[in-house]
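Let's take a friendly walk through this protein together. Have the sequence and the 3D view open, and we will go from a single residue out to the wider fold.

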Amino acid sequence: MRASLSPTLRLAAFALASTCLAGVASAKTCNVNIEATDAMQYNMKTISVAKDCTTVKVTLKHTGKLPKAAMGHDWVLADAKDMQAIITAGTQAGLANNYQPKNDKRVIAATKLIGGGETATTEFKTSALKKGESYKYFCTFPGHASVMNGTFEIK
Ligand code: ZN
């Protein structure tokens, strides 16, 4: 009679299922909308998300008109101390690679590079972020990050 579970095992299976359901119920996706302009600006200097967000979905909208080869923008998230190295590697990667280094583990999240009128999204798990660490978001288009950067924080 191996096919039928003993009452004890059934209870254990039920408890396990309940735990999984609780895990699903506590998952929370938080949406962030940020804009970038032809004047080489993001419209936010800081992005704060609530600490119960398990996933953050970022939507970048380029509100300008210029093409991405001239005024491209992306939204890249990384540990603050990795920002400069990622930008340098991104410049070398070139426009065809969104000015982003390929398969770079230092990049926590990144939208593709977009031009005026376009929108791009990216999402990441907040479990990828460490407590007490500083995070920055920035545009990897050459020359933009000195102005186009901001602080990402979980509150
Ligand atoms: Zn840019």
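## A histidine in a loop

Our starting point is His144, which sits in the loop that connects E7 and E8. Please keep in mind that this is a predicted model. Is His144 buried or exposed? Its relative accessibility is 4%, and buried means under 20%, so His144 counts as buried.

Which residues does His144 touch, once its neighbours within four places in sequence are set aside? The contacts are Met40, Met71, Gly72, His73 and Cys139.

## The sheet on either side of that loop

The two strands that flank the loop of His144, E7 and E8, belong to an open sheet of 5 strands. Reading across, the order is E2-E8-E7-E4-E5, with mixed pairing. Strand E2 (46-49) and strand E5 (107-110) stand at the edges; each has a single partner strand, so one side of each is left without a neighbour in the sheet. From one strand to the next, the twist averages 25 degrees.

As a general reminder, strands of a sheet pair through backbone hydrogen bonds, in either a parallel or an antiparallel way. Here, strand E7 (residues 135-138) and E8 run antiparallel and are joined by 4 bridges. To find this pairing in the viewer, look for Lys136, which stands opposite Thr151 in E8. Packed on the sheet is helix H3 (residues 83-93), which touches strand E4 (76-79), E5, E7 and E8. The direction of H3 makes about 30 degrees with that of E7.

## The largest pocket

Now for the open spaces. The largest pocket holds about 350 Å³ of space. Its lining has 15 residues, and the closest to the pocket centre are Lys130, Lys131, Gly132, Glu153 and Ile154.

Which element gives the largest share of this lining? That is strand E8 (residues 149-154), with 4 residues. By residue class, the lining of the largest pocket has 6 charged, 5 polar and 4 nonpolar residues.

## An enclosed cavity

How many cavities of 30 Å³ or more does the structure hold? There is 1, and the space in the largest cavity is about 30 Å³.

Around the largest cavity you will find Gln41, Tyr42, Met44 and Lys45, along with Val147, Met148 and Asn149. This lining divides into 4 nonpolar, 2 polar and 1 charged.

Technical notes
Residues are numbered from 1 along each chain as its sequence is written. This is a predicted model: local features need pLDDT of at least 70, side-chain atom pairs count only at pLDDT 80 or more; totals for chains, interfaces and linings use all residues. Side-chain values use heavy atoms; hydrogens and water are left out. On a 1 Å grid over the protein atoms alone, a cavity is a set of points where a 1.4 Å probe fits but cannot get out, and a pocket is an open set with protein on both sides within 12 Å along at least five of seven lines; lining residues have an atom within 4 Å of a point. Grid points are joined across faces, edges and corners, and a volume is the space filled by probe spheres set on the points. Ala, Val, Leu, Ile, Met, Phe, Trp, Tyr, Cys and Pro count as nonpolar, Asp, Glu, Lys and Arg as charged, and the others, Gly among them, as polar. Two strands pair if DSSP finds at least two bridges between them. Axes are lines fitted to C-alpha atoms, for helices over the stretch in contact, and angles run from 0 to 180 degrees between N-to-C directions. Contact means heavy atoms within 4.5 Å. Buried means under 20% relative accessible area, exposed over 50%, partly exposed in between (1.4 Å probe, protein chains only).
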